[in-house]
Amino acid sequence: MPRYAILTWGCQMNEEDSEQMGLYLQERGYEPTDRLEEADVVLLNTCSVRRKPEDKVFSTLGQLRKLKERKPSMVIGVCGCMAQLRAQEIKQRAPHVDMVIGTAHVSQVGALLEEVIQKRRFALRLELPERKGAIVTDIPQRKVDRKPKLKAFVPIQYGCDKFCTFCIVPTTRGRERSRPTVDIVEEIKLLAERGTKEVTLLGQTVNSYGKNLLEGRVPFARLLKLINDIEGIERIRFTSPYPRDFRNDLIEAIASLPKVMEQVHLPLQSGDDEVLKAMRRLYTVEQFEEVVRKLRERVHGIAITTDIIVGFPGETDEQFENTLRVVERVRFDGAFMFAYSPRPGTPAAEMENQVPREVKQERLERLIDLQNRISCEINSELVGKVFEVLVEGPSQKDPTKMAGFTRENKMMHFVGSPDLVGRLVKVRADEAHLWGFYGTVVG
Ligand code: SF4
C-alpha cells in the first residue's frame, strides 16, 4: 500500500485540514506513516502567522530534497496558509515540490495527487471562494473519521472579515463563510454515534457564525443549543470568539446550556485603546472588561484565557504597562503571549515605528512572569475543589497516572485505572501547578 505523511504547523484549523487530507488520501488507498523516508506522499501543512514556522517549512523542504533524490517517485506537496501566500516563492526555492494546495482546496488533495502522478506535472490550486453578495454556497463537504475519537474539532466557519492590521488570515483563508447549520449538526451526530464526547467548534471569529447562510441568519447561541441537544455529546467548547461580537445571548447560552463548558478563550491582544485601534481591533479595553464581567457574573467559576501581543508597532512603555494593568485586573486563567512578528502583506508590517526586538523580548518576559504568577495563584486557590474530568488516557508527563481536562479546561493528573477512559469522573484537586493539578478521584 502507498503511504503518506503529513507535517502540520499552526492552529487547530490546520490540524483539522491535515486530518481531512489524510482521510481523502486513505479513500484513495493510502495509509499513514510517521516515517518520511518510507512515505510516497509528503504534505507540509503550513502556517503564516509567525515567521518561525515559515522558516521551518523551508528547512524541511531542504531535507525532503535529499529524500526525493533517493526516491524520485516521492510526491511533495505544500498546503495551508504559506502555500496560499508564497506559492511562487515555494516553487522557485524548492523546485522538487510537486503541488501547492491553497487553504480552500483541502478536499481536492486526491485529485491533485492524481494529476501530479499521471500527468507528471506541477499542480497548483489557490483560488479562494468569492463571496457573491452575502451568501457563500461553495463550502467544502467534510469527511468524518470512522475511528472513534473522544474529542473532535469541528470547523463551523472559514475565513475572517475583521482584517486586524497584524494578521494575514483574511488573505490566506479568505472572507468569512459559515458552514450550513444542518451539516454541522449532522457531522456532530455522526461523531457522537462513533463515541465522541467532546466537540470544539472552530472559527477565526467563531461567535460571528451564521451571518451569511442560505437558510437565513443563525445566531451562534442557537447553534450551541442545537448541539447541546445531541445525544451522546457531553461537552461543547468553541474557539476563538471575537470580543466585540460576544453578545448577551451567547453569555446566556453558556450559563444555561449544561453541555457548554465554563471556559472561554477571549483574545485581548492589547490592554491599551490606542494600540487596539492601531491593530484595528474593534473594541476598547472597557468593552472587553465588560464582557469578562458579565461572563463571571452569569457563569459561576468560568475560566477565561486570552491571547496577547506585545511590541506592536508604536507600542510605548506606558501602553505596554497598560496591558500589564489589564492582566492584573482581569486575572486570566492563562494566556498565549507573543512578541509582535511582522507578517509581509499586512498593514502593521509596513508601519514605520517598529519596536526593537530586545524591547519586545523584555516586555514579553515581563508579561509571561506576571501571567504565570496569576495562573499559579488562581490554581492554588482551587486546591480542594472537586472537578468533573473527562478522562482521556495515561498522562504524558507521568504514565503511571491518568489525565483529563476539567470543564474549565484545566489539566488534571490522578491515579486511576485505564477503564476510566472516556468517562466523566469527579476528581479533587490536591496540588496546583501552572499547567493544572494533581488530584484524587472522589467519585
Ligand atoms: S479576527 Fe483578526 S486576528 Fe483573528 S483571524 Fe481575523 S484578522 Fe486575524
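1. Let me start with a loop. R120 lies in the loop between helix 4 (109-119) and strand 6. This is a predicted model, and in it R120 has a positive phi of about 50 degrees, although this residue is not a glycine. Worth a look on the screen, since the loop leads to strand 6, which comes up again in point 3.

2. On the overall layout, the domain assignment splits the protein into domain 1 (3-125), domain 2 (144-261), domain 3 (267-381) and domain 4 (386-441). The points below go through parts of this chain, beginning with a sheet.

3. The six-stranded sheet is open, its strands come in the order 2-1-3-4-5-6, and the pairing is parallel. Which strands stand at the edges? They are strand 2 (31-32) and strand 6 (123-125); each has a single partner strand, so one side of each is left without a neighbour in the sheet. For strand 6, the pairing with strand 5 (residues 99-101) is parallel and runs over three bridges. One residue pair to check there is I101, whose bridge partner in strand 6 is R125.

4. Helix 1 goes with this sheet. Helix 1 lies across strand 1 (3-8), strand 2, strand 3 (41-46) and strand 4 (75-80). Relative to strand 1, helix 1 runs at about 170 degrees.

5. Now the meeting of domain 1 and domain 2. Their centres, taken over C-alpha atoms, are 27 Å from each other. How many residues of domain 1 are in contact with domain 2? There are 13 on the domain 1 side, and they touch nine residues of domain 2. On that side of domain 1, the elements giving two or more residues are helix 1 (12-27) and helix 3 (81-93). Helix 1 gives the most, with six residues. So much for helix 1 as a sheet cover alone: helix 1 lies across four named strands, strand 1, strand 2, strand 3 and strand 4, and helix 1 also gives six residues to the side that touches domain 2. As for composition, the domain 1 side divides into six nonpolar, four polar and three charged residues.

6. A second open sheet has three strands in the order 7-10-11, again with parallel pairing. Strand 7 (151-155) and strand 11 (235-239) are at the edges; each has a single partner strand, so one side of each lacks a neighbour in the sheet. From one strand to the next, the twist averages 25 degrees. Strand 10 (residues 198-202) and strand 11 run parallel and are joined by five bridges, and L202 stands opposite T239 in strand 11. Helix 6 (residues 181-193) lies across strand 7 and strand 10, and runs at about 165 degrees to strand 7.

7. T239 deserves a second mention. Besides standing opposite L202, T239 is joined to S240 by a cis peptide bond, with omega at about -10 degrees. S240 is placed in the loop between strand 11 and helix 8 (248-256).

8. What surrounds the ligand? The residues around the ligand are C160, K162, F163, C164, C167, V169, P170, Q204, T205 and Y242. By type, this shell divides into seven nonpolar, two polar and one charged.

9. Last, a helix pair. Helix 11 (residues 317-330) packs with helix 13 (residues 357-381) at an angle of about 10 degrees, and their axes are 10 Å apart. That angle makes helix 11 roughly parallel to helix 13. Which residues of helix 11 meet helix 13? They are F320, T323, L324 and V327, and on helix 13 they meet R363, L367, L370 and Q371. The residues of this contact divide into five nonpolar, two polar and one charged.

How values were computed:
Residues numbered from 1 in each chain as written. Predicted model: local features only at pLDDT ≥ 70, side-chain atom pairs only at ≥ 80, totals over all residues. Near = placed C-beta within 6 Å. Nonpolar A, V, L, I, M, F, W, Y, C, P; charged D, E, K, R; others polar. Domains from an automatic or database assignment. Contact = placed C-beta atoms within 7 Å. Pairing = 2+ DSSP bridges. Axes fitted to C-alpha atoms, helices over the stretch in contact; angles between N-to-C directions. Parallel < 35°, antiparallel > 145°, perpendicular 65-115°, else oblique.
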